Structure formats: C-alpha cells, structure tokens
Amino acid sequence: FPVTITVTINNTLTINAVANAVGVSPGQDITICNSNMTTLNSGGGGVGATYAWSPASSLMTPNDSITICAPNVSTQYIVTVTNPAGCVGTDTIDITVNDLPIVDVTAGLPVCYNSNPININCTPAGGTLTGQGIVGTTFIPDATSGIPSSGGTFTINYVYTDPNGCMSSDATQQTVWPLPQPQIIDLDNQYCIDATPVRLMG
C-alpha cells in the first residue's frame, strides 16, 4: 500500500515521497508427510512484482508468487518480493516433514489347501490387511475365503497410517498347494480268488 511522506524545509521547499510498502504473508507453518507436496503462497506483491523463494532446490517454480514444494526434510523457506518501485519485503514459512512409517508384512510358509488358518505378521499393528484369502488378520486357505482348490500364489497387502497421518504399505505372497488326487491304475474289474497277486499302481 502507498504511504505519502511530506517534508517542508524552511517553509519554502516541500518534498513529497511515496513509499510503496510490500506486504508479504506466506501464512501459517505447514506439516506434511515425506514424499508429499504442499503449496506455498507469498501472499503479496501485486501487479508487476517479482518473487524469489529459497532454498529453491525442492521448489517447482521458485520465481512465482505461488509455488509447490516437496522437501524430504523439515525446511524453512524464505520469500523475497520486490515491487515495481524497487521496494522489498521478505517473510518465512516453516515446513515440517514427518517420516513415513516403516511397514512390514510377512506371510507363512507354503501350505496345502484346507490347512489351518495362518496368522499374517504385520508391523506396526493397527493397519489393514487385504487380499484374496484374508479374513481379519489371518489367511484361510480354503473356499470360505475365496481360495480355489487348485491353489496358487496370492498377494497380501498391508496399509498402515501413523498418528501423524502418514501412510505406508507393504505386500507379500502366500502360496497354497492343491491337495493330491490319488488314482489307482492298471486294475481289472474282476479277479479270481486264487489269482496271482496284483501290484497296485498309483
């Protein structure tokens, strides 16, 4: 906004100076999760102003009034705004970066179809397991959970969100073997009671 200053010297010379103050207000500090982005807004400058954000390495457009940052560590950004009159204003905004949680999910050893349920190990606890065969926090290798009798290898996903709202996921695979199908071959329908012993083949 313009501010007019009037100076009178010896009642004869009057100097009028107009100072164009630069209002800069990037707003409240922001907290994000690592690998996320957020928008920075200088909040001032007006028509014809120029902008310089620093550090610029994690900014998409460091010379725009509004830019996007994606820092991987907590960072304080400084914005410098210069208006057409050459007046300069600066301000800062702190971006706090919370680390993503470390998530792990581990399946069991390969099992046969219709075996007992398998507990799936997930850390940290409190996330969500999904996938074919999953019921709650267990893998059930039978038809009640959608596993076919032909078996197979099934992907299990685990998603966890920490108290800061940061989310990570992990995946594993559980193998189910089909049950064997025994069959007797080379056997006639009838034999005499005193016939030669027959070797059964399967």
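Q: Is Thr 172 buried or exposed?

A: In this predicted model, Thr 172 is buried, since its relative accessible area is 16%, and buried here means a value under 20%. The residue has its place in strand E17. Not counting residues up to four places away in sequence, Thr 172 touches Val 105, Thr 106 and Ala 107, and also Phe 154, Thr 155 and Ile 156.

Q: How many helices and strands does the protein chain have, and what percentage of its residues is buried?

A: The protein chain has 17 strands and 0 helices. Of its 202 residues, 28% are buried. The accessible surface comes to about 12,800 Å², and carbon and sulfur atoms account for 53% of that surface. If one takes the contacts between residues at least 6 apart in sequence, 51% of them join residues at least 24 apart.

Q: In what order do the strands of the open sheet run?

A: The general idea is that strands of a sheet pair through backbone hydrogen bonds, either parallel or antiparallel. In this structure 4 strands form an open sheet in the order E3-E8-E7-E5, and the pairing is mixed. E3 and E5, the latter spanning residues 50–54, are the edge strands, each of them pairing on one side only. Direction ignored, neighbouring strands of this sheet are turned against each other by 25° on average.

Q: In which sense do E5 and E7 pair, and over how many bridges?

A: The two strands pair in the antiparallel sense over 5 bridges, with E7 covering residues 75–82. Two of the residue partners can be followed by name: Ala 52 has Thr 80 in E7 as its bridge partner, while Trp 53 has Val 79 in E7.

Q: Which residues of E5 lie on its covered face, and which on the uncovered one?

A: In a regular strand the side chains alternate between the two faces of the sheet. For E5, the covered face holds Tyr 51 and Trp 53, whereas Thr 50, Ala 52 and Ser 54 make up the uncovered face.

Q: Which cysteines form a disulfide?

A: A disulfide is recognised where the sulfur atoms of two cysteines lie within 2.5 Å, and by this rule the count comes to 1 disulfide. The pair is Cys 33 and Cys 166, with their sulfur atoms 2.1 Å apart. This pair links distant parts of the chain, 133 residues apart: Cys 33 is in strand E3, and Cys 166 is in the loop between strand E16 (152–161) and strand E17 (167–177). With -95° about the S-S bond, the link is left-handed.

Q: Is Cys 166 buried or exposed?

A: Cys 166 is buried, with a relative accessible area of 0%, and its partner Cys 33 is buried too, at 9%. Turning to two further cysteines, Cys 69 counts as buried at 1% relative accessibility, whereas Cys 112 counts as partly exposed because its value is 34%.

Q: Which residues touch the most other members of the largest nonpolar core?

A: That core has 17 residues, and those touching the most other members are Ile 120, Leu 129, Phe 139, Tyr 158 and Val 176. Strand E16 gives the most to this core, with 4 residues. Apart from it lies another core of 15 residues, among them Val 22, Tyr 77, Val 81 and Ile 93.

Q: Where does Pro 71 lie, and what is it in contact with?

A: Pro 71 lies in the loop between strand E6 (66–69) and E7, and this proline is buried, with a relative accessible area of 4%. Leaving aside neighbours within four places in sequence, Pro 71 is in contact with Ile 32, Asn 34, Ser 58, Tyr 77, Ile 95 and Val 97. In the case of Val 97, which is 26 residues away along the chain, the C-alpha atoms of the two residues are separated by 7.3 Å.

Q: Which peptide bonds are cis?

A: Among them is the bond from Ser 54 to Pro 55, with omega near -5°, and Pro 55 is found in the loop between E5 and E6. A cis peptide bond also joins Thr 123 and Pro 124, where omega is about -10°; Pro 124 is found in the loop between strand E12 (121–123) and strand E13 (128–130).

Q: What is the phi of Ser 35?

A: Ser 35 has a positive phi of about 85°, although it is not a glycine. Ser 35 lies in the loop between E3 and strand E4 (38–41) and counts as exposed, at 59% relative accessibility.

Methods:
Residues are numbered from 1 along each chain as its sequence is written. This is a predicted model: local features need pLDDT of at least 70, side-chain atom pairs count only at pLDDT 80 or more; totals for chains, interfaces and linings use all residues. Side-chain values use heavy atoms; hydrogens and water are left out. Buried means under 20% relative accessible area, exposed over 50%, partly exposed in between (1.4 Å probe, protein chains only). A nonpolar core is a set of buried Ala, Val, Leu, Ile, Met, Phe, Trp, Tyr and Cys residues joined through side-chain atoms within 4.5 Å. Contact means heavy atoms within 4.5 Å. Accessible areas come from the Shrake-Rupley method with a 1.4 Å probe; for residues, only the protein chains shown count as cover. Two strands pair if DSSP finds at least two bridges between them. Axes are lines fitted to C-alpha atoms, for helices over the stretch in contact, and angles run from 0 to 180 degrees between N-to-C directions.
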